[in-house]
Amino acid sequence: MIAVASAKGSPGVTTAALLFAALWPRPSVMVECDPSGGDVALRMPGIDGEPLDPNPGLLNLVAAGRKSLYPELVSQHAEKIVGGLDVISGMTAPEQAAGLGQWGQLGLLFAHLPGTDSVVDLGRIGAETPQNALLASASAVVMMVDTVPSNVVHLRERLRKVSDSLGGVGGAPLYVVVVAPPKRSRTVSEIRDAIERSATPVAGVLHLAADDVGAGFFLGQVVGNPARTQLVRSAQPIVDELAARTTGAFRPVEQSSPEVAS
């Protein structure tokens, strides 16, 4: 399970999670676990070009697995968006998150899918956000940030807590992805230096191009060739790095996965 989150601002966590899952070299599913409400069903058409049905999403998956969460529930509640990526859409309103008490069990579920890796959109995480419980099951965590200085400071403070959730040095790798214009590599280097000086163990600080044309594909504006956009070109080495670092966590289909008790 690859967890994608932010500490503050709106650096495009959902877009990044969709992008990483779409480029993932192994079978994957993108899951919206942002308790503030999901966007995928609102922005992405289904593989047939029609709007997604929000009903098979995360909330109904949890309801169906109220006694026991098991891997088959994921395929039963996933939909294919245009391009063929499997997604589990999130809650339609923040109020729905109040009754969802299985966050930790969801982390175990998405981390133990036979034959499939999951890329999970956690949205904005803070000291007491419920989706933090998924971090303990992650094989890698990606924290997104833009170049606004105050957002970088907030991220640097949050990284310490996230690192603790992952076990610190020797735990799952923690990455920072900076969303910045393609020609702002100096700014990215400055942010990298600031994060490295914080002494938080980070596996890498990487640059994802801020590209409105590329992002449009993940906002439902599916016209043209996304592979030629700066967004996708800059994302490919990030995905290659994440996939290589997590290859040992992949569970082939022939391996049975125990049910996760609720």
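The expected span of a helix is 1.5 Å times one less than its number of residues. I note this before opening the model, which is a predicted one.

**Entry: helix 7**

I began with helix 7, which has 13 residues and reaches 18 Å from its first C-alpha to its last, close to the 18 Å expected at 1.5 Å a residue. I then looked up its buried residues and found T187, V188, I191, A194 and I195. Seen down the axis of helix 7, these buried residues fall within an arc of 120 degrees, so they line one face of the helix. An α-helix has 3.6 residues a turn, so residues three or four places apart point the same way. On the face of helix 7 that is turned away from the buried side I found the exposed residues R186, E196 and R197.

**Entry: the loop after helix 7**

Following the chain onward, I stopped at A199, which is found in the loop between helix 7 (185-197) and strand 9. Its phi is near 70 degrees, a positive value in a residue other than glycine. I also checked how much of A199 is accessible: its relative accessibility is 66%, and because the cut-off for exposed is over 50%, A199 counts as exposed.

**Entry: the sheet**

Next I traced the sheet, which is open and is formed by 8 strands in the order 4-5-2-6-1-7-8-9, with mixed pairing. Which strands stand at the edges? They are strand 4 (79-80) and strand 9 (204-209), and each has a single partner strand, so one side of each is left without a neighbour in the sheet. Strands of a sheet pair through backbone hydrogen bonds, either parallel or antiparallel.

I looked more carefully at strand 1 (residues 2-6), where 5 of the 5 residues are buried. Both of its faces are covered, with I2, V4 and S6 buried on one side and A3 and A5 buried on the other. Strand 1 pairs with strand 6 in the parallel sense over 5 bridges, and within that pairing V4 has D121 of strand 6 as its bridge partner. Strand 1 also runs parallel to strand 7 (residues 140-145), to which 5 bridges join it, and here I found A3 with V141 of strand 7 as its bridge partner.

Elsewhere in the sheet, I noted that strand 2 (residues 28-32) and strand 5 (residues 86-88) pair in the parallel sense over 3 bridges. In strand 5, I88 is the residue that stands opposite V31.

**Entry: helix 1 and the largest pocket**

Is helix 1 mostly covered or mostly exposed? I found that helix 1 (residues 13-23) is mostly covered, with 9 of its 11 residues buried. The buried residues are V13, T14, T15, A16, A17, L18, L19, F20 and A21.

Helix 1 came up again when I turned to the largest pocket, since it gives 4 residues, the largest share of that pocket's lining. The pocket has a volume of about 340 Å³. Its lining consists of 18 residues, and those nearest its centre are A22, V82, G83, F218 and P226. By class, I recorded 15 nonpolar residues and 3 polar ones in this lining, and no charged residue.

**Entry: the cavity**

I then asked how many cavities of 30 Å³ or more there are. The count comes to 1, and about 100 Å³ of space lies in the largest cavity. It is lined by 16 residues, of which M1, A111, D117, A249 and F250 are the closest to its centre. Helix 5 (103-111) and strand 6 (117-124) each supply at least two residues of this lining. The lining of the largest cavity divides into 8 nonpolar, 5 polar and 3 charged residues.

**Entry: two exposed residues and two distances**

My last look-ups concerned single positions. D212 lies in helix 8 (residues 212-217) and is exposed, with a relative accessible area of 72%. Between D212 and P181, which are 31 residues apart along the chain, I read a C-alpha separation of 10.0 Å.

A127 lies in the loop between strand 6 and strand 7, and at 64% relative accessibility A127 counts as exposed. I compared its position with that of K80: the two are 47 residues apart in sequence, and their C-alpha atoms are 33 Å apart in space.

Definitions and conventions
Residues numbered from 1 in each chain as written. Predicted model: local features only at pLDDT ≥ 70, side-chain atom pairs only at ≥ 80, totals over all residues. Heavy atoms only, no water. Buried < 20%, exposed > 50% of the residue type's maximum accessible area, 1.4 Å probe, protein only. Pairing = 2+ DSSP bridges. 1 Å grid on protein atoms, 1.4 Å probe; cavity = no way out; pocket = protein on both sides within 12 Å on 5 of 7 lines; lining within 4 Å. Points joined across faces, edges and corners; volume = space filled by probe spheres on them. Nonpolar A, V, L, I, M, F, W, Y, C, P; charged D, E, K, R; others polar. Arc of directions from axis to C-beta.
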